[in-house]
Amino acid sequence: MELILEQLPIVIHALNIGFLQTLKLFFVTLIGAFPLGLIIAFGSMSRFKPLSYLTKVIVWIVRGTPLMIQLLIIYYFPGLVLGNPIWGGGETGRFLAASVSFILNYACYFSEIYRGGIQGVPVGQTEAGLVLGMTKTQIFFKVTLLQMIKRIVPPMSNEIITLVKDTSLARIIALQEIIWAGQAFMKGSQGISGAIWPLFFTAVYYLICNGILTLLLGRLEKKLNYFR
Amino acid sequence: MSILEVEHIQKSFERTEVLKDISFSLEKGQVLSIIGSSGSGKTTLLRCLNFLERPDSGIIRVNGETLFDPDAPFSRSEAEIRKKRLHFGLVFQSFNLFPQYTALQNVMLAKELLAKEQPDYKTRKKEIHQEIEAQAASLLKQMGLADRMQNYPHQLSGGQCQRVAIARALALQPDILCFDEPTSALDPELTGEVLKVIKELADKKTTMIIVTHEMAFARDVADHVIFMDDGCILEQGDPIQVMEHPKEERTKQFLARFTQG
């Protein structure tokens, strides 16, 4: 116990740095995947068949394979197979590759949620807008969008919370996120080796982070309860 | 000149012919009731008039202006169709109010969006907004909803919702106001309050087309009745003549169910 107390400041410092990387990947993924998911959703609902088939195939591949494999392929394929290591080395390159993989992966999941949300808004809403002389763009932004958001908040909350934990997969390409930082103390780092408790301790970070997210998303859900 | 002329409208979905050669006209200030069993094409006809469906052939004219003629070259641009659409208003069976807006906002929304296209919108923004709000409020008052303006649709009864929907359609001052079974989703008590409002509009000489299953109401309020069956107009004319002395066997059959029950 005394030993742990001694090690604690060193470990927390290392975990904080790792968690910062986790949060960075989390927010970059959300910022990229929210709009990209909407584009993919419109693509899959398009009346132009080739486009809708193409997006459906992409969604099938991305949802049908493990994110870990996607990370490996996106990070190593350009360099090892094409002989063109576009990501460069170092933590920056790994972060870029991880961001691209996560954004693509989550955008595909989001797209299905968006699609459900959009199709869940009754056609009558669009028709009412049309007969009132509104344009399709006006109908989307003034009528459909908020009703869609209301519908997708619960399934989105699920995905967002899963994303926090999924970021740990990025250590497969050696991105130094929090679990990577915790694991380092098992192998030996900064004079500590063979310590497994730092790895267990990372769970606290995830738990607090997801607790805050749950509260915020719950508040958003409540805020949208003013209409039905 | 008739305010509305419909000539030889035809419409098929896949291989089913829903409208077969529909022609009729309507005079300004008159009320036309369309009756007939479900699936006879009444709703599709209204949807064609409101450009929610595109007829396969036929001509639609309002005030002598051809709005639809598949043979004549015409602009298919969204802006053009929107303009034509505004000759008509449509009240839906299921209200289709926008749930995230209050009753007042529901009535104002479309008008405000249209106002943004006016050239003087930027300079007179506040004034225009106030005008639109005053007009919406007075329409809701007319519908007996003065104390319900700030309520959201889910806080209103079905009858109140439908009256908001009527006010919303009236806000754009359409030449012809169409009703698609406006009371079919309401219980008898609420039906009464909606019919009363429509009757008041008829007394004010609002040009209306009403698709309805309320036979007594159709007879009382209409200047002209059309009986549709299987995509055709089987019989039309004065309400008393069509509904009390029908010529066609099918019309008698259809009406018998209502007089007996």
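**Figure 1. Where chain A meets chain B.** In this view, 19 residues of chain A are in contact with 21 residues of chain B. Everything shown here and below comes from a predicted model. On the chain A side, the elements that give two or more residues to the contact are helix H5 (123-131) and helix H6 (136-166). Sort the chain A residues that touch chain B by class and you get 9 nonpolar, 6 polar and 4 charged.

**Figure 2. A closer look at helix H5 of chain A.** Which residues of H5(A) are buried? They are A:Ala128, A:Gly129, A:Leu130 and A:Val131. Their cover comes from both chains: it includes H6 of chain A, along with helix H2 (78-85) and strand E6 (88-91) of chain B. Just past the end of H5(A) sits A:Gly133, whose phi is positive, at about 80 degrees.

**Figure 3. Chain A as a whole.** Step back for a moment and chain A turns out to have 8 helices and 0 strands. Read from the N terminus, its elements go α-α-α-α-α-α-α-α. The C-alpha atoms of chain A fit a box of roughly 75 × 50 × 25 Å along the principal axes. Of the chain's 228 residues, 31% count as buried. If you take the contacts in chain A with a separation of 6 or more, 73% of them join residues 24 or more positions apart.

**Figure 4. A proline in helix H3 of chain A.** The residue to find here is A:Pro78, which belongs to helix H3 (residues 67-81) of chain A. Is A:Pro78 buried or partly exposed? A:Pro78 has 15 other C-beta atoms within 10 Å, so A:Pro78 counts as partly exposed. Leaving aside residues up to four places away in sequence, A:Pro78 touches A:Asn84, A:Pro85, A:Ile86 and A:Trp87. For a sense of scale, look across to A:Ala181: it is 103 residues from A:Pro78 along the chain, and the two C-alpha atoms are separated by 27 Å.

**Figure 5. The four-stranded sheet of chain B.** Now over to chain B, where 4 strands make an open sheet in the order E2-E1-E4-E5, with antiparallel pairing. At the edges are strand E2 (16-26) and strand E5 (65-68), each pairing on one side only. From one strand to the next, the twist averages 25 degrees. Strand E1 (residues 4-13) pairs with E2(B) over 7 bridges, in the antiparallel sense. To pick out one spot, find B:Val6 and look opposite: there is B:Phe24 in E2(B).

**Figure 6. A helix lying across the sheet.** Helix H1 (residues 42-49) of chain B lies across E1, E2 and strand E4 (57-62) of chain B. How does H1 of chain B run relative to E2(B)? The helix makes an angle of about 65 degrees with E2(B).

**Figure 7. Two helices of chain B side by side.** This last view pairs helix H3 (residues 103-115) with helix H5 (residues 158-170), both of chain B. Their axes come within 8 Å and cross at roughly 25 degrees. H3(B) and H5(B) are therefore roughly parallel to each other, and their crossing is right-handed. In the contact, B:Ala103, B:Asn106 and B:Val107 from H3(B) meet B:Val164, B:Ala167 and B:Arg168 from H5(B). By class, that contact has 4 nonpolar residues, 1 polar and 1 charged.

Methods: Residues are numbered from 1 along each chain as its sequence is written. Chains are lettered from A and ligands numbered from 1 in the order in which they are written. This is a predicted model: local features need pLDDT of at least 70, side-chain atom pairs count only at pLDDT 80 or more; totals for chains, interfaces and linings use all residues. Axes are lines fitted to C-alpha atoms, for helices over the stretch in contact, and angles run from 0 to 180 degrees between N-to-C directions. Angles under 35 degrees count as roughly parallel, over 145 as roughly antiparallel, 65 to 115 as roughly perpendicular and the rest as oblique. A crossing is left-handed if the near helix is turned anticlockwise from the far one by less than a right angle, and right-handed if clockwise. Two residues are in contact if their C-beta atoms, placed from the backbone, lie within 7 Å. Ala, Val, Leu, Ile, Met, Phe, Trp, Tyr, Cys and Pro count as nonpolar, Asp, Glu, Lys and Arg as charged, and the others, Gly among them, as polar. A residue is buried if 20 or more other C-beta atoms lie within 10 Å of its own, exposed if 12 or fewer, and partly exposed in between; C-beta atoms are placed from the backbone. Two strands pair if DSSP finds at least two bridges between them.
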